[in-house]
Amino acid sequence: MLEKINSPDDVKKLNEQEKEQLAEEIRKYILEVVSKNGGHLASNLGVVELTIALHSVFNVPKDKIIWDVGHQTYVHKILTGRKDELKTLRKLNGIAGFPKTRESESDCFDTGHSSTSISVALGMARARNLKGEDHSVIAVIGDGALTGGMALEGLNDVGFSKCKMTVILNDNEMSISPNLGGLNKFLSKLRTKKLYTKSNISAKKIIWKIPGVGKPIVKIVQRVKRSIKQLIIPKMFFEDIGFTYLGPVDGHNIKELENILNLSKQVETPVLIHVLTKKGKGYEIAENSPDKFHATGPFNIETGEAKSPKEQDYSKIFGNKLIELAEKNKNIVAITASMKDGTGLAEFQRKFPERFFDVGIAEQHAITLAAGMAKEGLIPVVPIYSSFYQRAYDQVIHDVAIQSLPVIMCVDRAGIVGADGETHQGLLDMAFFRLVPNLNIMAPKDFKELEQMLEFAIDLKKPIVIRYPRGGEDKEIKFSNHNKIEIGKAEIVKEFSESKEQQDKITIITIGKTVTKGMRVAKALEEDGKNVQVINMRFLKPIDRNTVIEAIKQSQKVITIEDGTIIGGLSTAIKEIIAEENLANIQIESHAYPDKFIEQGSPQELENKYW
Ligand SMILES: Cc1ncc(C[n+]2csc(CCOP(=O)(O)OP(=O)(O)O)c2C)c(N)n1
């Protein structure tokens with residue numbers, strides 16, 4: 001069946017049975033590709049029927065489907081002309097793991113971070129209305145993404161707008177790990193309601209929504225039903241804020257999905273369709289461990305085992321050290337925005353359940369919650385991926401930094417992240433955090449230094465950022481020396497050679513993961529006859545001006561290396577010192593990522609391309 005499918009028109013031609021067969025073949029194909037390339041497996045297996053139904057009922061690119069987060073669009077890509085190309089999923093120059101408008105006109109908006117789809121959809125629906133057009137606009141959002149503040153801001157405005165558009169709530173009861181919170185409790189009541197089928201839907205309510213049609217006939221009946229429903233059916237929340245609620249519907253029944261989607265088209269005001277799906281559907285191993293298969297590296301299909309064994313990484317080192325420190329200090333608490341596994345907090349949760357808080361996909365709330373806790377004497381530690389810290393920038397400034405509250409902000413996945421592409425690279429945090437008064441910013445050169453920095457941060461009692469990369473420490477270059485951390489003090493990890501006193505002196509200034517890169521460059525330059533010292537800045541802020549000035553005065557050339565953008569980070573900080581101190585005649589060479597959004601590829605490929 002899959003062989004015949006090159007566009008949504010081909011899907012529309014299939015009968016019910018053929019569509020079911022197509023669903024099976026798509027699952028097999030996705031499993032094949034993701035087991036080789038890695039990617040978001042479980043979420044995609046969960047939306048196969050929903051995506052087939054959407055492309056059976058709607059016509060992209062005229063109709064607009066906005067996928068929240070966008071990690072579940074592999075099926076959509078297969079059905080919209082990218083079937084063969086999917087084999088290059090997440091590779092350099094290959095098909096992206098998220099919607100990309102540059103890739104296909106069927107992808108109407110780029111996503112990657114969660115909870116944006118409802119706002120985007122309303123924007124498109126309002127634009128459609130103002131332009132006098134008549135296509136459909138549909139946001140597809142998971143129950144996890146619905147916990148993000150912007151989704152709720154969007155729902156609020158959509159309900160008020162009375163704008164014709166559809167929100168499809170893809171409810172699998174999971175974020176990456178099981179979904180938590182009050183909204184989840186509310187949805188769990190809805191889940192237990194009788195499933196929607198074509199035969200049991202009350203058409204009256206739909207007719208009532210069509211202006212001028214049927215209104216007088218059903219109005220009184222509706223009022224009575226409404227007051228009774230309020231007592232027994234919690235779906236009224238969506239109805240009360242302005243949506244017509246349809247569902248819940250079995251998200252693996254293509255026929256019923258098509259029926260409900262067609263029904264929604266008749267409503268002239270906002271509709272919310274509640275779709276129940278199973279994360280990992282059809283691949284038992286993923287159905288049983290949907291969190292493990294939310295995002296996965298290459299794995300063996302038969303066993304589900306990872307192809308390359310998991311090695312020690314910065315997130316685990318962070319999580320273990322935090323447990324050690326929390327055993328000694330009961331004021332330490334940990335907060336995650338729905339990423340407890342990725343950020344290394346799973347064991348902390350087991351050990352200290354009452355000191356662990358998973359707030360949902362709510363980075364802004366996570367930081368302000370931490371600020372409140374810090375104000376009352378706790379020591380909140382908040383690991384969030386670098387690119388998701390972008391969400392909480394104002395909270396860092398307004399709620400933490402201005403009052404100089406002791407929140408420890410751990411920036412995980414800092415620097416180049418790789419296959420998830422532009423939306424997930426952690427290249428901006430050094431630049432945007434450096435602007436904020438009162439913040440201290442550190443980055444460790446290896447695991448040991450991360451442990452030292454975490455310990456230092458707990459004692460500091462001031463706002464502090466610790467950034468560290470995805471994955472593990474350098475396998476070849478090891479540091480035996482780990483000097484005590486002192487606020488704003490750099491360390492010299494390689495001194496000038498006295499034996500080469502007469503030669504050109506070069507100072508390499510670097511920080512975090514790239515300190516080992518600096519050591520490699522130093523070795524190559526020395527082989528070339530140069531005399532090189534390497535400075536590990538440790539602190540981007542406060543920066544160790546004296547060490548920098550001293551180094552520059554001794555050198556003919558300075559090389560800066562950092563795992564961040566060229567604007568605003570380490571190289572800018574060094575150039576500012578050079579200008580402020582009038583250190584003329586110094587040659588400076590900066591290695592950082594250029595002022596553009598960096599595409600997907602392996603970290604190694606991207607480092608080779610851009611450094
Ligand atoms: C702002 C932001 N924070 C965190 C993430 C990481 N993330 C990607 S998918 C996901 C869970 C999404 O759950 P849900 O919306 O229910 O979709 P599902 O995968 O269950 O289909 C998370 C936390 C993100 N993409 N964006």
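Colleague: How do α4 and α12 cross, and how far apart are their axes?
Modeller: Helix α4 (residues 48–57) and helix α12 (residues 254–265) cross at roughly 45°, and their axes come within 9 Å. Angles under 35 degrees count as roughly parallel and 65 to 115 as roughly perpendicular, so α4 is oblique to α12. Bear in mind that this is a predicted model.

Colleague: Which hand is the crossing of α4 and α12?
Modeller: Right-handed, as α4 passes α12.

Colleague: And which residues meet there?
Modeller: From α4 you get E49, L50, I52, A53, L54, S56 and V57, and they meet I254, L257, E258, L261 and N262 of α12. By class, that contact of α4 with α12 divides into eight nonpolar, two polar and two charged residues.

Colleague: OK, zooming out. What domains does the chain have?
Modeller: The domain assignment gives domain 1 (2–288), domain 2 (314–467) and domain 3 (491–610).

Colleague: How far apart are domain 2 and domain 3, centre to centre?
Modeller: Their C-alpha centres lie 26 Å apart. The contact between domain 2 and domain 3 takes 22 residues from domain 2 and 30 residues from domain 3.

Colleague: Which elements of domain 2 give two or more residues to that side?
Modeller: Those are α19 (429–434) and β10 (440–442). The side of domain 2 that touches domain 3 has twelve nonpolar, five polar and five charged residues.

Colleague: Switching to the ligand. What surrounds it?
Modeller: There are 24 residues around the ligand, with S43, S114, G142, G144 and A145 the closest. The shell divides into seven nonpolar, 13 polar and four charged residues.

Colleague: Which domains does the shell draw on for at least three residues each?
Modeller: Domain 1 (2–288) and domain 2 (314–467) each give at least three residues to the shell around the ligand.

Colleague: Back to helices. What's the packing angle of α14 and α20?
Modeller: About 40°, with the axes of α14 (residues 314–328) and α20 (residues 447–460) 10 Å apart. That angle makes α14 oblique to α20. The crossing of α14 past α20 is right-handed.

Colleague: Who makes the contact between α14 and α20?
Modeller: On the α14 side, Y314, I317, F318, K321, L322 and L325; on the α20 side, F447, L450, E451, L454, E455 and I458. The contact of α14 with α20 has nine nonpolar residues, no polar ones and three charged ones.

Colleague: What about α6 and α7, how do they pack?
Modeller: Helix α6 (residues 117–131) packs on helix α7 (residues 149–161) at about 30°, with their axes 7 Å apart. Angles under 35 degrees count as roughly parallel, so α6 is roughly parallel to α7. I118, S119 and L122 of α6 make the contact with M150, A151, E153, G154, L155, D157, V158 and S161 of α7. That contact of α6 with α7 has six nonpolar, three polar and two charged residues.

Colleague: Now the backbone oddities. Where are the cis peptide bonds you've got?
Modeller: One runs from G247 to P248, with omega near 0°, and P248 is in strand β4 (residues 244–250). Another joins K541 and P542, with omega about -10°. P542 lies in the loop between β15 (539–541) and α22 (545–554).

Colleague: And what is the phi of R538?
Modeller: Positive, about 60°, although R538 is not a glycine. R538 is found in the loop between β14 (531–536) and β15.

Colleague: Why flag these?
Modeller: Because most residues other than glycine have a negative phi, and most peptide bonds are trans.

How values were computed. Residues are numbered from 1 along each chain as its sequence is written. This is a predicted model: local features need pLDDT of at least 70, side-chain atom pairs count only at pLDDT 80 or more; totals for chains, interfaces and linings use all residues. Domain bounds come from an automatic or database domain assignment. Two residues are in contact if their C-beta atoms, placed from the backbone, lie within 7 Å. Helices (H or I, at least four residues) and strands (E, at least two) are DSSP runs, numbered from the N terminus. Ala, Val, Leu, Ile, Met, Phe, Trp, Tyr, Cys and Pro count as nonpolar, Asp, Glu, Lys and Arg as charged, and the others, Gly among them, as polar. A residue is near a molecule or strand if its C-beta atom, placed from the backbone, lies within 6 Å of it. Axes are lines fitted to C-alpha atoms, for helices over the stretch in contact, and angles run from 0 to 180 degrees between N-to-C directions. Angles under 35 degrees count as roughly parallel, over 145 as roughly antiparallel, 65 to 115 as roughly perpendicular and the rest as oblique. A crossing is left-handed if the near helix is turned anticlockwise from the far one by less than a right angle, and right-handed if clockwise.
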